[in-house]
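Dear colleague,

Please find the structure below. Notes on the sheet and the pocket follow.

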Amino acid sequence: MPAADRPASTDLPQPHESPEQGAFVRLRLVRLKTRQEFLAVAGARRKFTTPGLMLQAMARADADAAEARVGFTASRKVGNSVVRNRSKRRLRALVDEIMPAQALGGTDYVLVCRQETAVRPFDDLRRDLTTALGRLKLLRSPQP
């Protein structure tokens with residue numbers, strides 16, 4: 001069914017609703033791409049490490065509160081190119097599932113793969129990311 005013919009989803013906020021009215025706003029995710037952006041986040045020195053990943057974060061003063069920028073990296077210590085790419089794919093899937101609903105906007109995030117990322121059960125990776133967001137105080141408060 002074409003997108004124009006589909007009925008609007010009722011659980012998502014409508015364009016005229018604002019966050020002040022209590023509407024749930026999903027975060028728009030944008031990718032970090034340049035080395036300078038990755039180094040800026042690493043330079044903020046705000047990170048939390050779990051067995052499956054390392055999360056680095058940097059708040060941006062000029063940022064839109066409905067947008068978060070996310071980058072992924074894996075060093076050669078993680079494994080060969082097949083393992084590194086698998087690890088990054090798993091983290092991208094994890095971020096697409098968790099961050100739009102639970103992470104704070106106006107922040108740059110970098111997820112660094114670890115050797116366990118490729119083989120760790122997905123539920124454990126999900127718990128790792130949620131824990132890291134919570135410890136860095138970047139987890140949204142639950143909606144009433």
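Strands (E, at least two residues) and helices (H or I, at least four) are DSSP runs, numbered from the N terminus. The model is predicted: local features need pLDDT of at least 70, side-chain atom pairs count only at pLDDT 80 or more, and totals for chains, interfaces and linings use all residues. Residues are numbered from 1 along each chain as its sequence is written, and side-chain values use heavy atoms, with hydrogens and water left out.

The sheet: 5 strands form an open sheet with mixed pairing, in the order β1-β4-β5-β3-β2; two strands pair if DSSP finds at least two bridges between them. β1 (28-31) and β2 (47-49) each have a single partner strand and stand at the edges, so one side of each lacks a neighbour in the sheet. From one strand to the next, the twist averages 25°. β1 and β4 (residues 67-73) run parallel and are joined by 4 bridges; V30 has R69 in β4 as its bridge partner.

The pocket (an open set of points on a 1 Å grid over the protein atoms alone, where a 1.4 Å probe fits, with protein on both sides within 12 Å along at least five of seven lines; lining residues have an atom within 4 Å of a point): the largest one holds about 260 Å³ of space, the volume being that filled by probe spheres set on the points, which are joined across faces, edges and corners. Its lining has 13 residues, with M54, S75, V78, V112 and C113 nearest the centre. β3 (53-59) and β5 (107-113) are the elements that give two or more residues to this lining; the largest share, 3 residues, comes from β5.

Regards

Methods. Axes are lines fitted to C-alpha atoms, for helices over the stretch in contact, and angles run from 0 to 180 degrees between N-to-C directions.
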